[in-house]
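Hello! Here are some notes to read alongside the model, written so that you can click through the residues as you go.

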Amino acid sequence: MFRAIFVLLAVFCHVARLQSTATCDLFTFPSTFKFGAGTAAYQIEGGWNEDGKSRSWWDWFTNNYPQYCNNATGNIACDSYHKYKEDVAAMKAIGLEFYRFSLSWSRILPKGFSYSVNQAGVDYYNNLIDELKAAGIEPLVTIYHWDTPMALEYLGTTWTSPKMVDQFVAFADLAFSLFGDRVKLWATINEPKSFCQGIPGYFLTYIFPELPMGTLEYLCGHHVLLAHAKTYRLYQEKYKSTQNGRISITLDLNYNMPLTNSTEDIEAAERRNLFEFGWFAHPLYYGDYPQIMKTVIANNSAKQNFTASRLPKFSCTEKLMIKGSYDLFMVNSYTGTQVTLKEYNNEPSYINDEQTSGTQPDHWLSTAVSNLKVYPEGIRYVLKYIKESYGNPEIMITENGYSDTTGNVNDTLRIEFIRETLGNIRLAICEDGVNVTRYTYWSLLDNLEWARGYGVKFGLVQIDFDSENRTRTLKRSAYYYKNVIQNRYINVTDSTE
Ligand code: PNW
């Protein structure tokens with residue numbers, strides 16, 4: 001009897017093991033998983049003042065402050081405004097299943113407001129979307145990737161103002177009505193943490209030292225959340241039944257690990273997750289900011305003689321609107337950071353509220369961006385963190401990539417980066433049970449890496465910025481990616497045969 005049970009059990013375990021190795025083949029991706037690549041309007045389009053387009057904040061910044069932008073502007077960039085057919089041809093050659101790109105607000109609405117639509121701008125995106133569809137490539141559209149129309153900035157309508165909320169919703173509404181028949185995946189706003197807190201967006205303290213830091217960051221984040229949620233609700237009411245698309249917001253998180261095993265560092269790493277990602281993800285999932293942000297910012301504000309917390313509060317109605325305003329999670333993730341407690345500084349700022357500092361070990365391979373060293377395991381932990389913190393949602397990776405300074409087509413390090421990253425995504429799926437459904441390589445093209453200029457090259461496709469033609473050449477990594485997509489297998493070579 002016991003023997004029979006034992007034998008049965010052994011057979012059962014064997015079968016279970018076989019099954020788990022079958023589903024956990026770390027090199028193979030299921031056919032339902034989709035591979036794509038991404039770009040953003042300002043980084044690739046050029047045509048900055050053509051056919052009725054007006055200036056965005058980035059046009060203003062790069063053209064007026066070349067000294068802070070490596071003397072680079074997006075005036076021509078990859079010239080995708082004229083060469084989008086070549087872009088789509090490159091995507092087709094790679095076999096991309098979807099393409100993430102963003103809309104230039106000031107190309108569609110030169111005055112910022114939706115009363116005056118620039119038909120040439122609308123035509124451009126219609127043509128691009130139609131070209132994609134004809135090539136069998138699904139569009140994933142980011143409505144806002146940092147390029148606010150200057151027309152609105154002049155009115156004080158920017159993310160620090162509540163006026164921006166309805167302005168954004170009106171633009172998104174127009175985008176749904178114009179493109180929603182063909183676009184079924186939308187990202188409202190890209191990486192609010194980056195433009196509210198870090199990368200040039202609004203807070204050029206080196207140009208405007210009088211900016212009240214510690215206040216701006218949270219006002220910006222607050223209006224982003226309201227604009228996103230209001231857009232999500234509008235879509236549900238006005239478009240969902242006919243268009244049936246899905247909507248989220250792209251948030252960025254690099255894996256934060258404690259530098260040492262000390263309680264201080266462990267707490268610092270988690271505090272950083274909550275300040276960087278929870279800042280937006282908590283309201284979406286729970287309806288409000290993380291408790292630690294509310295407590296720390298209120299306490300620090302009191303110490304600094306503010307009459308109220310620098311972190312704005314949501315009303316009950318707003319909380320209800322924001323909670324659950326997403327169909328899935330979209331995350332941008334590039335690397336990891338070793339985090340430690342930073343000494344308290346009473347000067348008001350988001351950075352001082354977060355009170356952490358981050359470093360990366362010397363032995364991690366450097367890239368063209370100093371704080372984006374190679375740590376391919378990071379993405380697995382980020383995915384697991386999201387799964388465990390936010391109710392196991394569907395997750396799409398909307399950005400991940402490797403940059404060098406050469407743009408050389410023989411980019412073996414990029415191939416290694418993609419291979420190792422995809423291996424870690426498989427681990428997240430198989431071992432950690434994360435429901436991740438897409439991978440977007442950043443970027444399709446070498447392009448304008450914002451204020452860093454053209455010297456930072458993320459592309460699968462090289463652009464010859466010295467030629468008027470902006471000649472496009474597929475790199476070895478593009479051929480490797482092509483084989484991955486074709487075979488659903490990551491241990492492939494880059495050969496075209
Ligand atoms: C993202 N960092 O920005 C943006 O969404 C892209 O437009 C950009 O080109 C891409 O990442 C590569 O940088 C980030 O330093 C830029 O931590 C820098 C950081 C994070 C995000």
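**Notes on the model**

1. Let me begin with a buried acid: D59 has a relative accessibility of 0% and therefore counts as buried (buried is under 20% relative accessible area, exposed is over 50%, and partly exposed is in between, with a 1.4 Å probe and protein chains only). D59 makes a salt bridge with K53, and their closest N and O atoms are 2.8 Å apart. A salt bridge here is a side-chain nitrogen of Lys or Arg within 4 Å of a carboxyl oxygen of Asp or Glu. K53 is buried as well, with a relative accessible area of 9%.

2. A word on what you are looking at. This is a predicted model, in which local features need pLDDT of at least 70 and side-chain atom pairs count only at pLDDT 80 or more, while totals for chains, interfaces and linings use all residues. Residues are numbered from 1 along each chain as its sequence is written, and side-chain values use heavy atoms, with hydrogens and water left out.

3. Which strands close into the barrel? There are eight of them, in the order 1-2-3-4-5-7-10-11, and the pairing is parallel. From one strand to the next, the twist averages 25 degrees. Strands (E, at least two residues) and helices (H or I, at least four) are DSSP runs numbered from the N terminus, and two strands pair if DSSP finds at least two bridges between them. Angles run from 0 to 180 degrees between N-to-C directions, with axes fitted as lines to C-alpha atoms, for helices over the stretch in contact.

4. Strand 1 and strand 2 (residues 98-102) are parallel neighbours joined by three bridges, and G36 stands opposite F98 of strand 2. Helix 6 (residues 119-134) packs on this sheet and touches strand 2 and strand 3 (138-144), its direction making about 170 degrees with that of strand 2. Contact means heavy atoms within 4.5 Å.

5. Strand 7 (residues 329-332) is a good place to pause. F329 and V331 point one way and M330 and N332 the other, and all are buried. In a regular strand, side chains alternate between the two faces of the sheet. Three bridges pair strand 7 with strand 5 (residues 246-252) in the parallel sense, with M330 as the bridge partner of T250. Four bridges pair strand 7 with strand 10 (residues 395-399), again in the parallel sense, and here V331 has I397 as its bridge partner.

6. The chain also has an open sheet of three strands in the order 6-8-9, with mixed pairing. Strand 6 (255-258) and strand 9 (356-359) stand at the edges with a single partner strand each, so one side of each has no neighbour in the sheet. Neighbouring strands of this sheet are turned by 40 degrees against each other on average, direction ignored. Strand 8 (residues 336-341) runs antiparallel to strand 9 and is joined to it by four bridges; V339 stands opposite G358 of strand 9.

7. Helix 12 (residues 263-286) packs on that open sheet, touching strand 6, strand 8 and strand 9, and its direction makes about 120 degrees with that of strand 8. E276 is found in helix 12 and is buried, with a relative accessible area of 11%. What does E276 touch, leaving aside its neighbours within four places in sequence? Its contacts are K193, D252, L253, N256, Y350 and E354.

8. How many salt bridges does a search of the whole structure find? The search finds 26. One of them joins E399 and R100, with the closest N and O atoms 3.0 Å apart. This pair links distant parts of the chain, E399 in strand 10 and R100 in strand 2, 299 residues apart. Both E399 and R100 are buried.

9. R182 and D130 form a salt bridge too, with the closest N and O atoms 2.9 Å apart. R182 lies in the loop between helix 8 (163-179) and strand 4 (185-190) and D130 in helix 6, so the pair ties together parts 52 residues apart in sequence. R182 is buried, with a relative accessible area of 15%, whereas D130, at 39% relative accessibility, is partly exposed. Elsewhere, K34, E138 and R438 are joined into one network by salt bridges that share partners.
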